[in-house]
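Visitor: Hi, I'm new to this one. Can you walk me through what holds the fold together?
Guide: Sure, let's bring it up and start with the rings.

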Amino acid sequence: MTQATATKVPTLPDAQTVTQVEHYTDRLFSFRCTRPATLRFRSGEFVMIGLMGDPDPKTGKQKPLLRAYSIASPSWDEELEFYSIKVPDGPLTSRLQHITPGDQIILRPKPVGTLVHDALLPGKRIWFFATGTGFAPFASLLREPQTYEDYDEIIITHTCREAGELTYGRNIIESLKEDELLNEVIGDGFWKKIKYYPTTTREQSDKMGRITDLMRSGEVYSDLGVDPLRPETDRAMICGNLAFNLELKDMLEEYGLEEGANSKPAQYVVEKAFLD
Ligand code: A2P
């Protein structure tokens, strides 16, 4: 490890302690850390997190190396959770992937983002469209009681290259059945409102194909036994790689949905999954 290890930041005011780390594939891991007592956020928002960078060769000074990360835990959780890609030569994730419980990370407690319920008009059904680590904000929103209070039906699609990359999302969906808070606040069987649609594109799985193609062919609707999106009833949130976001955005516009924002709620919102 270089000098810029996770343990070299305890003097920073924004340091938080890692409490748990889980690795899924050689490209993906998640971790939990302590939550600043003053941090309030809306499920679906992101914050800047990171580690100290290498010392400047001339001055010897270290600067924080920060990236935007969606908070994957819900707003009520006493800890924070993040879901991350590992980029072998990525300035931050090549180091972040080595954190272990007890290490410290830097967290700037200024949450922002558009994947929030406030940016959508009321509707009956909500679609969460994710690729890769774009699942993170939905891991938060799926554990947020408001999601079930606001909508009769929640459809979450997750497209990844390989089957192992679906594990984090699948674990979250499975864990909902046992979620004490949601069972208490929303009631027994709230999870029956969820339709989960995982697909892979480069490795065999139960459902192959990009979600965009499966929507065009109508397969997703027949598989799930639901009607195609309509602006009157459907709301959507998109989070994935840039090409996916742009393509799906165009498709949603063709369905007649309009893009919303915090300042002007409408029918869908979009955010890039932040990569190294
Ligand atoms: P594909 O394997 O066909 O490129 P990545 O890991 O590169 O971010 O990709 C995550 C997933 O998003 C992959 O399954 C990839 O499919 C899919 N994907 C990439 N671009 C698009 C797009 N424009 N529309 C739909 N899915 C996409």
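**Rings, charges and strands**

Guide: Ring pairs link Tyr24, Tyr83, Phe135 and Tyr168 into a cluster. Keep in mind that this is a predicted model.

Visitor: How many aromatic pairs does a search of the whole structure find?
Guide: Eleven aromatic pairs turn up. In one of them, the rings of tyrosine 24 and tyrosine 168 have centres 5.6 Å apart. Their planes stand at 70 degrees, so the pair is edge-to-face.

Visitor: Where do tyrosine 24 and tyrosine 168 lie?
Guide: Tyrosine 24 is in strand 1 (residues 15-25), and tyrosine 168 is in helix 4 (residues 167-176). The pair therefore ties together parts that are 144 residues apart in sequence.

Visitor: Are tyrosine 24 and tyrosine 168 buried or exposed?
Guide: Tyrosine 24 is buried, and tyrosine 168 is too.

Visitor: What do tyrosine 148 and phenylalanine 190 form?
Guide: They form an aromatic pair that is edge-to-face. It has 5.0 Å centre to centre and 80 degrees between the planes. Tyrosine 148 sits in helix 3 (residues 145-150). Phenylalanine 190 is in the loop between helix 5 (180-185) and strand 9. That is a link between distant parts of the chain, 42 residues apart. Tyrosine 148 and phenylalanine 190 are both buried.

Visitor: Which residue has its charged end over the ring of tryptophan 191?
Guide: Lysine 177 does, with its charged end 4.9 Å from the ring centre. Lysine 192 also lies over the face of tryptophan 191, at 5.6 Å from the ring centre.

Visitor: Switching to charges. How many salt bridges are there in the whole structure?
Guide: The search finds 17 salt bridges. Side chains of opposite charge can pair when their charged atoms come close.

Visitor: Which side chain does arginine 125 meet in a salt bridge?
Guide: The side chain of aspartate 234, at 2.4 Å from N to O. Arginine 125 lies in strand 7 (residues 125-131), and aspartate 234 lies in strand 10 (residues 234-240). So the pair ties together parts that are 109 residues apart in sequence.

Visitor: And is arginine 125 buried or exposed?
Guide: Arginine 125 is buried, with a relative accessible area of 8%. Aspartate 234 is buried as well, at 0%.

Visitor: What about lysine 207: which residue does it form a salt bridge with?
Guide: Aspartate 223, and the closest N and O atoms are 2.9 Å apart. Lysine 207 is in the loop between strand 9 (194-200) and helix 6 (211-216). Aspartate 223 is in helix 7 (residues 219-224), so the bridge ties together parts that are 16 residues apart in sequence. Lysine 207 counts as buried, at 18% relative accessibility. Aspartate 223 is partly exposed, at 39% relative accessible area.

Visitor: Which residues do salt bridges that share partners join into one network?
Guide: Arg32, Asp77, Glu79, Glu81 and Arg143.

Visitor: Got another salt bridge for me? What does arginine 42 meet?
Guide: Arginine 42 meets glutamate 45, side chain to side chain, at 3.0 Å from N to O. Arginine 42 is partly exposed, with a relative accessible area of 30%. Glutamate 45 is buried, at 6%.

Visitor: New topic, cysteines. How many disulfides does the count come to?
Guide: The count comes to zero disulfides.

Visitor: Why is there no bond for cysteine 160?
Guide: Because its closest cysteine sulfur, in cysteine 239, is 12 Å away, too far for a bond. A disulfide needs the two sulfur atoms within 2.5 Å. Cysteine 160 counts as buried, at 3% relative accessibility. Cysteine 239 is buried too, with a relative accessible area of 1%.

Visitor: Last stop, the sheet. What order do the six strands have?
Guide: The order is 4-3-6-1-2-5, in an open sheet with antiparallel pairing. The edge strands are strand 4 (64-70) and strand 5 (79-85), and each pairs on one side only. From one strand to the next, the twist averages 35 degrees.

Visitor: How many bridges are there between strand 1 and strand 2?
Guide: Six bridges, and strand 1 pairs with strand 2 (residues 28-34) in the antiparallel sense. Look for glutamate 22, which stands opposite serine 30 in strand 2.

Definitions and conventions. Residues are numbered from 1 along each chain as its sequence is written. Side-chain values use heavy atoms; hydrogens and water are left out. A salt bridge is a side-chain nitrogen of Lys or Arg within 4 Å of a carboxyl oxygen of Asp or Glu. Buried means under 20% relative accessible area, exposed over 50%, partly exposed in between (1.4 Å probe, protein chains only). Helices (H or I, at least four residues) and strands (E, at least two) are DSSP runs, numbered from the N terminus. Rings of Phe, Tyr and Trp (its six-membered ring) pair if their centres lie within 6.5 Å; planes under 30 degrees apart count as stacked, over 60 as edge-to-face and the rest as tilted. A charge sits over a ring if NZ of Lys or CZ of Arg is within 6 Å of the ring centre and within 35 degrees of the ring normal. Two strands pair if DSSP finds at least two bridges between them. Axes are lines fitted to C-alpha atoms, for helices over the stretch in contact, and angles run from 0 to 180 degrees between N-to-C directions.
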